[in-house]
Amino acid sequence: MTTATFAAPQAGAAPAIDRLFLGLSLVATAVLVALVLLDGQPASAALILGGFGLGIAFLKAEFSYTASWRRFLTRGEAGGLIGGLIVIAICALAVVPVAALKHDFGGAIAPLGPSLLIGAFTFGIGMQLANGCGSGTLYTVGGGSGRMLIALLFFVVGSVFGSLSLPAFLALGGIDPVLASDYLGPWGGLAATLASIALAAVVIIAVARKRGANYRPSRSYVLGGIAIGLLCVAVFIAGGHPWSVTFGYTVWGAKIAGALGFDFSHAAFWQWPGPKHALSDSVLSDTSSLTDFGMLFGAMAAAAASKPFAATAWPPLKSLLGAAVGGLLMGWGARLGFGCNIGAFVGGVASGSLHGWVWFAAALPGCLIGIRLRPLFGLSRE
Amino acid sequence: MRKVYIVVVLLGFAAIVGNHLVSPSSGRAVSPEDFAGACAPCGAPCPSKK
């Protein structure tokens, strides 16, 4: 998880419920669900509730891509990465065949090229400085981390800059998405996808064993991974596409900038049909925003149900600066790299799209650099 | 930090509801990938379409 943000309750101590924030999170979720139901959109309500469940699952399992990747790179520990692969494998079981067979569904695809490589690499640096990725930022903000509140703010800003940069980076060239099911059919594509996940697990375990490190995921990572994988499937069924996080941030930032007088009518990104529609329509019409809101309030409810909410002091300024720099890099990188650990890596691989693995391969060295830079911001390399 | 959180949550929630009430809502929630020509989760076009 975005580590060290939450302290485990003392054994035997009764959980202290923070009624104010528990109530706020539940009322806010209920109002959002009511608003979309009034519009006759049960699928939107399902996305909010799916996000709510994801917020609880991530927070309770302390599931973190950022810390898992760092532990693997610094110590060789592979349990967290294996937990992440469990999520992807469960998700793939539904996404690959359904996206190939049902017209109303689609996988997370993206072109391969310099934009993907640069974006993922930059994102990798940012996630180690911020100490949380796209989903990690969401659930730790929901969990009461003021530091990650700063990271989220700058993530949003960075993603708007990324939206303005993306067309120029796409112009550098690239090739169309490579999807396993396009070549092998729905079931062959699923077999190839699961085989690629198994191969990755074998390589990761081999590295861990060679370094004498633990490669078994903890019980909470296994259970959390299963729960998160099943919720990913639910979000896919409700939204028609794999779960994504960061497009919502870009929409929020552009809406705020627009309200402050910024004109996006000449920005190429915001003239593409999808982003143009998202910018003009209600924020509750965007699938990514719906799950994001649910996840924030779900994590808030889970945190407030077990301890006083946001009761810790603000971290040192250096640490907040790290969160800001990391957030900016993640935001910009997520737009150029077509998403974060969730939208690009989990969603991409679970769709059988080659860009998911390319994103992983490019983000990992970015993480290495980010880990080296962490002490500059008062953060441990471990 | 609690006070900051209360302000952020209330402002954020008001912004969400306000945006929803003043913006058009064209039926079911969509992703940019739902639109013709989209080649990525953000709706970017395919390189081959250029």
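This is a short tour of a predicted model, with a suggestion at each stop for what to select in your viewer.

**Stop 1: the whole of chain A**

Start by showing chain A as a cartoon. You should find 15 helices and zero strands. The radius of gyration of chain A is 19 Å, close to the 21 Å that the globule rule gives for 382 residues, so chain A is as compact as a globular protein of that length. Taken along the principal axes, its C-alpha atoms fill a box of roughly 55 × 55 × 40 Å. Buried residues account for 61% of the 382 residues in the chain. Now think about contacts between residues at least 6 apart in sequence: in chain A, 85% of these join residues at least 24 apart.

**Stop 2: helix 7**

Select residues 146-170 of chain A, which form helix 7. At 1.5 Å a residue, its 25 residues should span 36 Å, and the end C-alpha atoms are 35 Å apart, which agrees. Where does helix 7 bend? Center on A:Leu164: the helix bends there by about 40°, and a proline, A:Pro167, follows within four residues. Of the 25 residues in helix 7, 18 are buried, so the helix is largely enclosed by the rest of the structure.

**Stop 3: helix 12**

Next, pick residues 287-304 of chain A, helix 12. This one has 18 residues and reaches 26 Å from its first C-alpha to its last, close to the 26 Å expected. Here 18 of the 18 residues are buried, so helix 12 too is largely enclosed by the rest of the structure.

**Stop 4: the nonpolar core**

Which residues touch the most other members of the largest nonpolar core? Show A:Ile48, A:Cys91, A:Cys232 and A:Ala299 as sticks; they hold that place in a core of 140 residues. Helix 4 of chain A (residues 79-101) gives this core its largest share, 14 residues. Stay with A:Cys91 for a moment and add its partners: leaving aside residues up to four places away in sequence, A:Cys91 touches A:Gly229, A:Cys232, A:Val233, A:Pro242, A:Val346 and A:Ala350.

**Stop 5: A:Ala361**

Move on to helix 15 (residues 354-373) of chain A and select A:Ala361. Is this residue buried or exposed? It counts as exposed, because it has 12 C-beta neighbours inside 10 Å. Try a distance label to A:Gly79: the two are 282 residues apart in sequence and 18 Å apart in space, C-alpha to C-alpha.

**Stop 6: where the chains meet**

Finally, bring chain B into view. The contact takes 57 residues from chain A and 36 residues from chain B. On the chain B side, color by residue type to see 23 nonpolar, nine polar and four charged residues.

Note on methods. Residues numbered from 1 in each chain as written. Chains lettered and ligands numbered in written order. Predicted model: local features only at pLDDT ≥ 70, side-chain atom pairs only at ≥ 80, totals over all residues. Helix = DSSP H or I, 4+ residues; strand = E, 2+ residues; numbered from the N terminus. Expected span 1.5 Å × (residues − 1). Bend = angle between axes of the 7 residues up to and from the residue. Buried ≥ 20, exposed ≤ 12 C-beta atoms within 10 Å, placed from the backbone. Core = buried A, V, L, I, M, F, W, Y, C linked by C-beta atoms within 7 Å. Contact = placed C-beta atoms within 7 Å. Nonpolar A, V, L, I, M, F, W, Y, C, P; charged D, E, K, R; others polar. Rg over C-alpha atoms; globule rule 2.2 N^0.38 Å.
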